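Student: I'm new to this one and keep tripping over the labels. Could we go through them and ask how each one is earned?

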Amino acid sequence: MSEVSVTKDPGGPAPAVDDLVVLTGVNKHFGALHVLQDIDLTIKRGEVVVVIGPSGSGKSTLCRTINRLETVDSGSITIDGKPLPQEGRELARLRADVGMVFQSFNLFAHKTVLENVTLGQLKVRKSDKKAAEQKARALLDRVGVGSQADKYPAQLSGGQQQRVAIARALAMDPKVMLFDEPTSALDPEMINEVLEVMQQLARDGMTMVVVTHEMGFARSAANRVVFMADGKIVEEAEPTQFFNNPRSDRAKDFLSKILHH
Amino acid sequence: MNVLLDHLPEFRDGFLGTLALTAASAALALILGVLIAGFRVSPVPPLRAFGTAWVTLLRNTPLTLLFLVAFFVVPLILFPGVSPFVLATLALGFYTSSFVCEAVRSGISTVPLGQAEAARSIGMTFMQTLRMIVLPQATRTVIPPLSSIFIALTKNSAIAGAFSNTELFNVSKLLSDKGFAIGWIFLWIALAYLVITFTISGIFRLLERRLEVAR
């Protein structure tokens, strides 16, 4: 089921160079609810992992633990060989390397689109203003909202806002991008414009963890599908195998509900 | 009626005294209040505890008692020979800072959590997140309560008059002790206070409108 536990070698801290994000035995509770139960997950450099599962299965929480927006009760999470530090300057530095895209976009409402994309470069990476703007404009063009640079987020459609949010995350040159249900708050016709940007990113070799309900995206862009239910990883497989021939009953049940109607 | 014209210099000094006290302690309260509000929402438990203690202590102590402490305890153990103006500013500023802190904190909680999460996820520190993302968006909600707090501060500054500060209340007491008709004195004093409080609410109304268009 999972081919983890490669890194647990007490002799030398030499995880396989390919393993970018490694979760080992991660547990988390929300009060009495055991949202994450012994999660082991390894994400390799350049891999696109799509996490699917029913609501409340813990997939968003899993995504948010990777940059420690959610703390965990036990287990370890390492990014590029470094364990996630405690809250503070060091964690902030590490977070800069992990791009995050939220369901509700969360663009800075009091800043223009351009400022949204330059802010992290200026304040976290300490780049100079001109270079930051140049890069921001290039990224905005890449996600197709270059002409909106001087507007405020509220003046943009949901799809445009989400693409700006992707540009904002990319501006930090992240090692890995986390997408927490990036299309769930969008109108159907705007979903595609966001998915296309994500497809392009995947083709460009970005390491991605995507929590989504978009099965089409999972089929076409994922290297691996992780199916979660009730706080556990129930099944991990290649997308074609998972969708055509799921092994677990829970996955069969889930797929039968979403694929046939 | 003539009490004003005959004692214009006293009234003027009183007015300027109240103005200076209000301005100085408002500045102190604003700086301390924002700082303590930052403490109260910080991820560091000791800072949070300090913030809570600060607010609880200062907000629940009668202002007169704070003045007594400032004038009779502080010079004794900390800074002997400090001017009454500075001591009064400290008492008023510290007291008011607890109210400013709570107003700012309520403003902070109106900013959606996602804003801070987004800021943290691009690697901004807690301080950067608070300063560049959360506080600017909280400002608009904080303006109306701040206006009330500073108006209250203006009127509270009268207590400083009883502690050898020259300000409006002090002048009124001086003149009424000399036997002038109390009615006229009060009228002029009240008008002088109104000039200050109306100015405050005017400034804040302006700020409120300015911030509205900024979005």
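Tutor: Sure, and let's begin with a word you'll hear a lot: buried means under 20% relative accessible area, exposed means over 50%, and partly exposed is anything in between (1.4 Å probe, protein chains only). Keep in mind that this is a predicted model, where local features need pLDDT of at least 70, side-chain atom pairs count only at pLDDT 80 or more, and totals for chains, interfaces and linings use all residues. Residues are numbered from 1 along each chain as its sequence is written, chains are lettered from A and ligands numbered from 1 in the order in which they are written, and side-chain values use heavy atoms, with hydrogens and water left out.

Student: Why is A:Cys63 called buried?

Tutor: Its relative accessibility is 1%, and the cut-off is under 20%, so A:Cys63 counts as buried. B:Cys101 passes as well, because its value is 0%.

Student: How many disulfides are there over all chains?

Tutor: Zero. A disulfide here needs a pair of cysteine sulfur atoms within 2.5 Å. In general terms, a disulfide is a covalent bond between the sulfur atoms of two cysteines.

Student: What makes B:Phe39 and B:Phe50 an aromatic pair, and of which kind?

Tutor: Rings of Phe, Tyr and Trp (its six-membered ring) pair if their centres lie within 6.5 Å; planes under 30 degrees apart are stacked, over 60 edge-to-face, and the rest tilted. By that rule there are twelve aromatic pairs over all chains. For B:Phe39 and B:Phe50 the centres are 5.8 Å apart and the planes meet at 65°, which makes the pair edge-to-face. The two rings link distant parts of the chain, eleven residues apart: B:Phe39 is in helix H2 (residues 8–41) of chain B and B:Phe50 in helix H3 (residues 45–60) of chain B. Helices, by the way, are DSSP runs (H or I, at least four residues), strands are E runs of at least two, and both are numbered from the N terminus.

Student: Is B:Phe50 buried, partly exposed or exposed, and what is the value behind that?

Tutor: At 42% relative accessibility, B:Phe50 counts as partly exposed.

Student: And what makes B:Phe67 and B:Phe71 a pair?

Tutor: Their centres are 6.1 Å apart, and with 20° between the planes the pair is stacked. B:Phe67 and B:Phe71 are four residues apart in helix H4 (residues 63–77) of chain B, so about one helical turn separates them. B:Phe67 is buried at 0%, and B:Phe71 is buried at 12%. Over in chain A, ring pairs link A:Phe227, A:Phe242, A:Phe243 and A:Phe254 into a cluster.

Student: How do you know that A:Arg168 lies over the face of A:Phe108?

Tutor: The rule wants NZ of Lys or CZ of Arg within 6 Å of the ring centre and within 35 degrees of the ring normal. A:Arg168 lies over the face of A:Phe108 at 4.6 Å from the ring centre.

Student: Why is helix H5 of chain A said to be largely enclosed?

Tutor: Because 13 of the 13 residues of H5(A) are buried, the rest of the structure largely encloses it. H5(A) covers residues 158–170 and reaches 18 Å from its first C-alpha to its last, close to the 18 Å expected at 1.5 Å a residue. That expected span is 1.5 Å times one less than the number of residues.

Student: What makes E6 and E10 edge strands in chain A?

Tutor: Two strands pair if DSSP finds at least two bridges between them. An open sheet of six strands in chain A has the order E6-E7-E8-E3-E9-E10, with mixed pairing. E6 and E10 (232–237) each have a single partner strand, so one side of each is left without a neighbour in the sheet. Four bridges join E6(A) to E7(A) (residues 176–180), and the two run parallel. One bridge partner is A:Val176, which faces A:Val98, and A:Gly99 stands opposite A:Met177.

Student: How is the sheet E2-E1-E4-E5 of chain A paired?

Tutor: Those four strands form an open sheet with antiparallel pairing. Eight bridges join E1 (residues 19–30) to E2(A), and A:Leu23 has A:Leu41 as its bridge partner in E2(A).

Student: How many helices and strands does chain B have?

Tutor: Nine helices and zero strands. Of its 215 residues, 46% count as buried.
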